[in-house]
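This note sets out, point by point, the local features that merit a colleague's attention. The sequence and the structure come first, and the comments follow.

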Amino acid sequence: MKNTALKSLLLASSLLTSAGLVHAADVTLTVESWRNDDLQIWQEKIIPAFEAKNPGIKIVFSPTAPTEYNASLNAKLDAGSAGDIITCRPFDASLELFNKKQLADITSLPGMENFSPVAKAAWSTDDGKSTFCVPMASVIHGFIYNKDAFDKLGISVPKTQDEFYAALDKIKADGTYIPLAMGTKDLWEAATMGYQNIGPNYWKGEDGRAALIAGKQKLTDAEWVKPYEELAKWKPYLGDGFEAQTYSDSQNLFTLGRAAIYPAGSWEIALFNSQAQFKMGAFPPPVPKAGDTGYISDHPDIGVALNAKSTHAEEAKKFLSWVASPEFADIYANSLPGFFSLNSTPVKMSDPLAQEFVSWRGPYKSTVRSTYQILSRGTPNLENETWVESANVINGTDTPAVAAKKLQDGLDSWYKPAK
């Protein structure tokens, strides 16, 4: 009886093996990221979609707090304990990891043909010959506004600088709402949602950014000082105590209906949709005068790379190729409205606020944040110094001209444009 049972067990095992039903142990890939807000979306949408088509490969999304991510990731990479998939910051931070041979070259990865050279620029070498991250998404700057407040006060969406200040004056005179929800305590908010939001209209987007890198323009030139002159004018519209107001305070002021306009990045959309109990709209940075060409910061924000020391490189490449696919682009862009696909295949957006932001890509010229490529590789770091000076200008502790000179002097102390 025992022999018969053993023979049956061996026969069943043989049949299962020959039919390919017994797999080797699943390979688990760990994804390093700073996007802890996205954990649910990865667990419920992204991972199931990939695993359904790739049996034998499991994905674990393992985020770190955003403020701790860079230091934590660098320590893990140096120690050889980082995950297989590395979520990439744009430009210099990831380029440094590639130059240290911690990120693999994925220039020829299947799927990379779905991205234009511009889409890949934030994760490519300066000469554009090597790419080391799959582009996932960009974010767009502008202003989100309380439609109910605008309707109540009879305000039209401002298209020019004069119309913008007229709207702010009307909101302030009424007294129901704080005109602008922005604080200066966290510094980066003043630079990212202030200076980098409105600035491209003055330095003419990519033309000005390229001229700054080439040394043909300086931060003390009128094109770069003018945005600070405009930011200084925001102070009376920010509400009492804005100097002590944190980023989350600003978010709360707006979503609670206490402020009418929020200088924004499109990444706010999902959170605002879940919290605001009023209708919202968005408008791009108002142009200096009617008829001027408009510019928007359409900034590459997030990509994914292969850890050069991954012991599961082939499986990780399968995942990265899937991230490069139109299927992933559609899942990601519609699960995270406000994070816009960089894939060449257009993605139809289901969220109306996200659709409003992305609609600016046609009539407005796109650029990226002026400090992110090349100009923040030395000390003092121009990006971080721009945070400080943007807050100083709004607070009134530095004039626009003084702020610009400080930034240019800091840049001159280490940066020499290529001949």
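1. Helix α2 and its kink. The structure is a predicted model. In helix α2, a kink of about 40° lies at I47, shortly before the proline P48. The helix covers residues 39–53 and has 15 residues. From the first C-alpha to the last, α2 reaches 21 Å, close to the 21 Å expected at 1.5 Å a residue. The kink at I47 is thus to be read alongside an end-to-end reach close to the expected one.

2. The buried residues of α2. Which residues of α2 are buried? They are I41, W42, I46, I47, A49 and F50. I47, the site of the kink, is therefore on a list that rests on a relative accessible area under 20%. The buried residues of this helix pack against three strands and two helices, namely β1 (27–33), β2, β4 (134–146), α14 (313–323) and α15 (326–335).

3. W42 and F319. The structure holds 29 aromatic pairs. In one of them, the ring centres of W42 and F319 are 6.2 Å apart and the planes meet at 40°, so the pair is classed as tilted. It links distant parts of the chain, with W42 in helix α2 and F319 in helix α14, 277 residues apart. Both W42 and F319 are buried.

4. Y165 and Y237. A further tilted pair is formed by Y165 and Y237, because their ring centres are 6.4 Å apart and their planes lie at 35°. Y165 belongs to helix α7 (residues 161–174), whereas Y237 is in the loop between α11 (222–232) and α12 (247–255), and 72 residues separate the two. Y165 is buried, with a relative accessible area of 13%. Y237 is buried as well, at 10%. The ring of Y237 also has a charged neighbour: K172 lies over its face, at 5.9 Å from the ring centre.

5. Aromatic cluster and a second charge over a ring. Ring pairs link W42, F50, F61, F319, W322, F328, Y332 and F339 into a cluster. W42 and F50, two members of this cluster, are among the buried residues of α2. Elsewhere, R89 lies over the face of W34, at 4.1 Å from the ring centre.

6. T64 and its contacts. T64 lies in the loop between β2 (57–63) and α3 (66–79). Is T64 buried or exposed? T64 is buried, with a relative accessible area of 13%. Leaving aside residues up to four places away in sequence, T64 touches S33, W34, N36, Y69, S72 and K76. W34, one of these contacts, is the residue whose ring face lies under R89.

7. Strand β4 and its partners. All 13 of the 13 residues of β4 are buried, so the strand is largely enclosed by the rest of the structure. β4 runs antiparallel to strand β8 (residues 295–306), to which 6 bridges join it. With strand β6 (residues 259–265), β4 pairs in the antiparallel sense over 5 bridges. Strand β7 (residues 280–283) is also antiparallel to β4 and is joined to it by 4 bridges. For strand β9 (residues 340–341), again antiparallel, 2 bridges are found.

8. Bridge partners along β4. S138 has the bridge partner P300 in β8 and the bridge partner F340 in β9. H141 is matched with G265 in β6, and Y145 stands opposite G281 in β7.

9. Backbone exceptions. Most residues other than glycine have a negative phi, and most peptide bonds are trans. Three sites depart from this and deserve inspection. L187, which is not a glycine, has a positive phi of about 65° and lies in the loop between β5 (178–180) and α8 (188–198). With 30% relative accessibility, L187 counts as partly exposed. I374 has a positive phi of about 75°, although it too is not a glycine, and is placed in the loop between β10 and α17. At 19% relative accessibility, I374 counts as buried, because the cut-off is under 20%. Finally, the peptide bond from T379 to P380 is cis, with omega near 5°. P380 is in the loop between β10 (365–367) and α17 (382–395), the loop in which I374 is also placed.

Definitions and conventions: Residues numbered from 1 in each chain as written. Predicted model: local features only at pLDDT ≥ 70, side-chain atom pairs only at ≥ 80, totals over all residues. Heavy atoms only, no water. Buried < 20%, exposed > 50% of the residue type's maximum accessible area, 1.4 Å probe, protein only. Contact = heavy atoms within 4.5 Å. Expected span 1.5 Å × (residues − 1). Bend = angle between axes of the 7 residues up to and from the residue. Phe/Tyr/Trp six-rings, centres within 6.5 Å; stacked < 30°, edge-to-face > 60°. Lys NZ or Arg CZ within 6 Å of the ring centre and 35° of its normal. Pairing = 2+ DSSP bridges.
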